[in-house]
Amino acid sequence: MFVGDSLNRNQWESMVCLVQSAVPPGRKSLNKTGSLSIFRIEDYNATVEFCRPPFLVESNSDDPNMHSILNRIIMPESIEKHGKNWKNVDYLVFNTYIWWMNTFAMKVLRGSFDEGATEYDEIERPVAYRRVLTTWSQWVENNVDINHTKVFFMSMSPLHIKSLDWNNPDGIKCAKETTPVLNTSMPLSVGTDRRLFVVAANVTQSISVPVYFLNITTLSEYRKDAHTSVHTIRQGKMLTPEQQADPATYADCIHWCLPGLPDTWNEFLYSRIISHS
């Protein structure tokens with residue numbers, strides 16, 4: 001099961017594409033219910049699943065159909081509502097990052113959504129991120145049987161919004177980029193919040209349950225060419241020709257093409273699973 005935001009859904013889609021070709025027609029199915037998507041492989045009694053809580057903890061952005069909320073508020077110590085879906089899974093693959101990048105400070109609810117609370121505090125992004133991952137690590141320690149379940153945490157997937165980041169003043173976001181950043185010796189900064197990377201690396205290393213932190217960030221930062229760009233969907237539909245002609249507005253430089261980079265992430269994951277089996 002992949003758990004997290006739409007970049008983890010991107011990786012789940014990659015995994016489904018990688019494994020489904022080996023499954024005979026009629027022996028596989030895909031079902032989506034709320035925030036849970038399940039690809040089932042009948043002959044192996046196996047599923048590849050995706051569960052969507054973008055912050056891992058409870059937030060006002062958890063509704064899979066009405067999540068485009070600008071005023072995003074989290075409950076950093078509330079995880080059980082989502083965590084009940086993660087129990088007794090063989091391989092858990094977590095991430096959370098992209099939804100943290102809208103604002104410099106995070107809004108933390110005072111009280112509970114269930115009780116109608118609306119007041120919040122604004123807390124620095126890395127501080128709130130650490131609180132959330134501390135809550136997550138406590139859930140892992142309390143609920144994961146290491147004899148049954150292996151836990152992974154994916155590092156952050158970068159964006160390629162500003163073409164000046166790779167010295168292309170004439171570029172428009174990631175649109176029409178056809179090669180990776182080839183000069184790997186040059187300092188590259190594409191806006192990744194490395195403070196969150198450090199928090200995730202430290203928390204996953206300090207937890208008493210083995211958690212494998214898979215670092216996909218640096219290699220992904222070089223792949224300015226690998227995003228869906230104008231070949232993407234909005235609200236379930238492909239962009240129109242008029243929208244595709246306006247990459248400054250519509251290019252998706254967050255998510256990735258398939259086949260593509262997430263397949264490499266899954267090769268890392270597969271290698272780690274095999275080496276510890």
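**View 1. Lys176 in the loop between S10 and H4.** In this predicted model, Lys176 sits in the loop that runs between strand S10 and helix H4, and because its relative accessibility is 80%, above the 50% cut-off, Lys176 counts as exposed. The backbone here deserves a careful look, since phi of Lys176 is near 65 degrees, which is a positive value in a residue other than glycine. As background for the student, most residues other than glycine have a negative phi.

**View 2. Ser229 in strand S12.** A second positive phi appears at Ser229, where the angle is near 50 degrees and the residue is again not glycine. Ser229 belongs to strand S12, which covers residues 227–229, and with a relative accessible area of 7%, under the 20% limit, Ser229 is buried.

**View 3. The cis peptide bond before Pro259.** The bond that leads from Leu258 to Pro259 is cis, with omega near -5 degrees, and Pro259 itself lies in the loop between strand S15 (252–256) and helix H8 (261–275). For background, most peptide bonds are trans.

**View 4. Helix H4 and what covers it.** Helix H4, made of residues 194–206, has 13 residues and reaches 18 Å from its first C-alpha to its last, close to the 18 Å expected at 1.5 Å a residue. Which residues of H4 are buried? They are Leu196, Phe197, Val199, Ala200, Ala201, Val203 and Thr204. In an α-helix there are 3.6 residues a turn, so residues three or four places apart point the same way; with that in mind, the reader can trace Leu196, Val199, Ala200 and Val203, which are among the buried residues of H4. The cover over these buried residues includes helix H3 (125–143), strand S10 (150–154), strand S11 (211–214) and helix H5.

**View 5. Thr217 in helix H5.** Helix H5 spans residues 217–221 and contains Thr217, which counts as buried because its relative accessibility is 0%. What does Thr217 touch, once residues up to four places away in sequence are set aside? Its contacts are Ser155, Met156, Pro158, Thr192, Arg194 and Phe197, and of these partners, Phe197 is also one of the buried residues of H4.

**View 6. Pro210 between H4 and S11.** Pro210 is found in the loop that links helix H4 with strand S11, and at 41% relative accessibility Pro210 counts as partly exposed. Leaving out residues up to four places away in sequence, Pro210 touches Ile146 and Val151. Pro210 and Leu109, by contrast, are 101 residues apart in sequence and 31 Å apart in space, C-alpha to C-alpha.

**View 7. Thr134 in helix H3.** Thr134 has its place in helix H3, and with a relative accessibility of 31% Thr134 counts as partly exposed. The C-alpha atoms of Thr134 and Gly191, which are 57 residues apart along the chain, are separated by 24 Å.

**View 8. The whole protein, for orientation.** The protein has eight helices and 15 strands, and its radius of gyration is 19 Å, close to the 19 Å that the globule rule gives for 277 residues, so the protein is as compact as a globular protein of that length. Of the 277 residues, 48% count as buried, and among contacts between residues at least 6 apart in sequence, 69% join residues at least 24 apart.

Terms used:
Residues numbered from 1 in each chain as written. Predicted model: local features only at pLDDT ≥ 70, side-chain atom pairs only at ≥ 80, totals over all residues. Heavy atoms only, no water. Helix = DSSP H or I, 4+ residues; strand = E, 2+ residues; numbered from the N terminus. Buried < 20%, exposed > 50% of the residue type's maximum accessible area, 1.4 Å probe, protein only. Contact = heavy atoms within 4.5 Å. Rg over C-alpha atoms; globule rule 2.2 N^0.38 Å. Expected span 1.5 Å × (residues − 1).
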